[in-house]
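Me: I keep tripping over the words people use for protein models. Could you go through one with me and tell me what each word rests on?

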Amino acid sequence: MKPLIEVQNLAVSYYTYAGEVQSVRGVSFQISKGQTVAMVGESGCGKSVTAKSLMGLIEKPGKVKEGSRIFYEGQEISAYNETKWNGFRGKEISMIFQDALVSLNPTMCIGKQIKENLANHFPEIGNQEQDRRAVEMLQKAGIPDAVLCMRKYPHELSGGMRQRVMIAMAMITKPKMLIADEPTTSLDVTIQAQILELMQELQEETGMSILMITHDMGVVADIADEIIVMYAGKIVERGACRDIFYHPQHPYTWSLLNSVPRIDTGEDKKLVTIEGNIPDMTCPPKGCGFCERCPYAMNVCREYMPDAAKVSDGHEVWCWLTDKRADLSGIPFQIETDRTAKERKLVSENRAKEESEQKAVCREENR
Ligand code: SF4
């Protein structure tokens, strides 16, 4: 099956007075229809710039570099001009942002803003029908009195309600993909859970794909089918949600996982912060981008970029620890990539068996 979106070797730089900031450095991935992919990493690792590239939203001094290719349903959209992008974004792919108060127009009532998005892409729809669809979409987004909400202004709504309005606005054109850039970061945990649930309900109803951009591993555990871990403008690990949570292979992924609370760890277990900062992207490291912060860094890490190593089907990692010659003493997680293909197959079969047994136990307990 063809992927809905396919990104090949995406590189984006910002040309500033300080020099060329290499925000994204050769990223490739695919998203299938109906799939939820979470892109995780600290601020400044290139997640949001990658997402903006999919919408044609890279503005000067930024530039999508030559050789980058983005395909949507098999058609190359990276070659679109501004007119084509205007017809594409908001219709085929919609995006919601972290701060709805900033994204919504404060001088325009909610109804007008939602209808404007619909009218931009479907000018043939009459005013009454626009009203009907806007109210229906607000109701689907969980707004209690949708008719009244149409007349309200953004500042009259709570943060959670504003984010619901943003989702309604993004979904009114029935896009095939929703990009959510930190959509729950400014909300409290209860509202966060409600917004994630709403996105999942809408996904089940419409079959859309979701690209979730977040730095919060807790959020992705609930929602993602696949996780892409980014660092210093590159993908450092990717795999199914269960692979990343239960069999992480990259030291940066370990750090991210150790920095979130887990229900199965004792009260005395401290959350670990990741020491240091992301590298200066005007002159990124020659080798692995994480080498200055990585406790297991070797000489080779500073000099050469690691290649992708396959852990299991759909699970890849870019780290020199996967090389057979690496010293793995003191490594807290099991590195699996130096196993033979036969051993890997066995590991993945056992893992699937374990998971299905665990699910059966859960089902039994929930009865
Ligand atoms: Fe650490 Fe080296 Fe792996 Fe980079 S390649 S994460 S520096 S061990």
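Reply: Sure, here is a set of questions and answers about this model. It is a predicted model, where local features need pLDDT of at least 70, side-chain atom pairs count only at pLDDT 80 or more, and totals for chains, interfaces and linings use all residues. Residues are numbered from 1 along each chain as its sequence is written, and side-chain values use heavy atoms, with hydrogens and water left out.

Me: Why is Glu182 called buried?

Reply: Buried means under 20% relative accessible area, exposed means over 50%, and partly exposed is in between (1.4 Å probe, protein chains only). Glu182 has a relative accessible area of 9%, so Glu182 counts as buried. Its place is the loop between β8 and α8 (189-206), and its phi is near 45°, a positive value in a residue other than glycine.

Me: And what makes Lys174 exposed?

Reply: Lys174 has a relative accessible area of 63%, so it counts as exposed. You'll find Lys174 in the loop between α7 and β8 (177-181). Its phi is positive too, near 55°.

Me: What counts as a helix or a strand here?

Reply: Both are DSSP runs, numbered from the N terminus: helices are H or I with at least four residues, strands are E with at least two. The protein chain comes to 13 helices and 13 strands.

Me: How do you know that helix α11 is largely enclosed by the rest of the structure?

Reply: Seven of the eight residues of α11 (residues 251-258) are buried, so the label fits. Those seven are Pro251, Tyr252, Thr253, Trp254, Ser255, Leu256 and Leu257. The cover includes β3 (36-40), α9 (217-223), β10 (226-231), β11 (234-240) and α10 (241-246); contact here means heavy atoms within 4.5 Å.

Me: What makes a group of residues a nonpolar core?

Reply: It is a set of buried Ala, Val, Leu, Ile, Met, Phe, Trp, Tyr and Cys residues joined through side-chain atoms within 4.5 Å. The largest one has 62 residues, and Ile114, Leu138, Val165, Met199, Met212, Met217 and Ile227 touch the most other members. Helix α7 (residues 159-171) gives the most to this core, with seven residues.

Me: Why is this core said to lie between two domains?

Reply: Domain 1 (5-207) and domain 2 (231-336) both give residues to this core, so it lies between them. The domain bounds come from an automatic or database domain assignment.

Me: Which strands are the edge strands of the eight-stranded sheet, and what makes them edges?

Reply: Two strands pair if DSSP finds at least two bridges between them. The order in this open sheet is β7-β8-β9-β3-β10-β11-β13-β12, with mixed pairing. The edge strands are β7 (93-96) and β12 (308-312), as each pairs on one side only.

Me: How do you know that β7 and β8 pair?

Reply: They share four bridges, in the parallel sense, and the definition asks for at least two, so they pair. Ile96 stands opposite Ala180 in β8.

Me: What lies across β9 (209-214), and at what angle?

Reply: α1 does, running at about 150° to β9, and α8 does at about 160°. Axes are lines fitted to C-alpha atoms, for helices over the stretch in contact, and angles run from 0 to 180 degrees between N-to-C directions.
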